[in-house]
Every structure is written in structure tokens, then in C-alpha cells.
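Colleague: I am new to this one and would like to learn how to read it. Could you walk me through it step by step?

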Amino acid sequence: METENLYGQLKDILIEQFDLDESSISPDADLYDELELDSIDAVDLLVQLKSITGKKISPDEFKDVRTINDVIGALTNTT
């Protein structure tokens with residue numbers, strides 16, 4: 001899946017599921033500090049992404065994820 005396409009889908013999820021303002025979402029936005037997601041939100045995000053992409057990010061991988069770019073990187077590196 002293309003990085004740009006993943007970014008668009010991730011952005012849509014963040015806007016629709018977490019009521020985030022589109023202007024606050026950028027590839028470098030920190031999920032926790034800037035977008036104010038908590039650990040429950042992060043799990044919900046992973047579930048949403050798995051249903052869209054079919055790829056699962058392991059908890060070990062996700063603990064290093066901080067930004068939207070990190071999420072995309074983890075998704076594109078997952079087998």
C-alpha cells in the first residue's frame with residue numbers, strides 16, 4: 001500500500017474516530033503530545049488500521065511509535 005494512501009486513510013480515521021481537527025494532523029504530529037491520544041485510543045487506532053490494511057502492528061513495534069510517520073513506517077515494514 002502506498003505511503004500517501006496510508007496517510008490519507010490514517011488522517012480520515014483520526015478525524016472521524018477521534019474528532020481531531022484536520023489542521024492538527026501532519027506526518028510529524030506526535031500522537032500523544034500533539035494529538036492527545038491515550039493508550040486506549042492507540043489500541044483503537046491499531047484495530048481500525050488492521051481492518052483497513054490487513055496488517056497488524058505488534059505491541060512491541062507500537063511502543064516505539066510516536067508520530068503519524070512512525071505509524072506509516074510500522075505498517076509498511078510489517079509482513
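Modeller: Gladly! Please keep in mind that this is a predicted model. Let's begin with burial: of the 79 residues in the chain, 38% are buried.

Colleague: Which secondary structure elements does the chain have, and in what pattern?

Modeller: There are 4 helices and 0 strands, so reading along the sequence gives α-α-α-α. The radius of gyration is 11 Å, close to the 12 Å that the globule rule gives for 79 residues, so the chain is as compact as a globular protein of that length. Along the principal axes, its C-alpha atoms fill a box of roughly 30 × 25 × 20 Å.

Colleague: Now for a single helix. Which residues of helix 4 are buried?

Modeller: Helix 4 spans residues 68-77, and its buried residues are I68, V71, I72, A74 and L75. Looking down the helix axis, you find them within an arc of 160°, so they line one face of helix 4.

Colleague: What do those buried residues pack against?

Modeller: Their partners are helix 1 (3-18), helix 2 (39-53) and helix 3 (59-62).

Colleague: And how should I read a single residue? Does K11 count as buried or exposed?

Modeller: Burial means under 20% relative accessible area. K11, which lies in helix 1, has 19% relative accessibility, so it counts as buried. Leaving aside neighbours within four places in sequence, K11 is in contact with E22 and I25. With E22 there is a polar contact between the two side chains, at 3.3 Å.

Key: Residues numbered from 1 in each chain as written. Predicted model: local features only at pLDDT ≥ 70, side-chain atom pairs only at ≥ 80, totals over all residues. Heavy atoms only, no water. Buried < 20%, exposed > 50% of the residue type's maximum accessible area, 1.4 Å probe, protein only. Helix = DSSP H or I, 4+ residues; strand = E, 2+ residues; numbered from the N terminus. Arc of directions from axis to C-beta. Contact = heavy atoms within 4.5 Å. Polar contact = N/O pair within 3.5 Å; in protein donor to acceptor, adjacent residues only side chain to side chain. Rg over C-alpha atoms; globule rule 2.2 N^0.38 Å.
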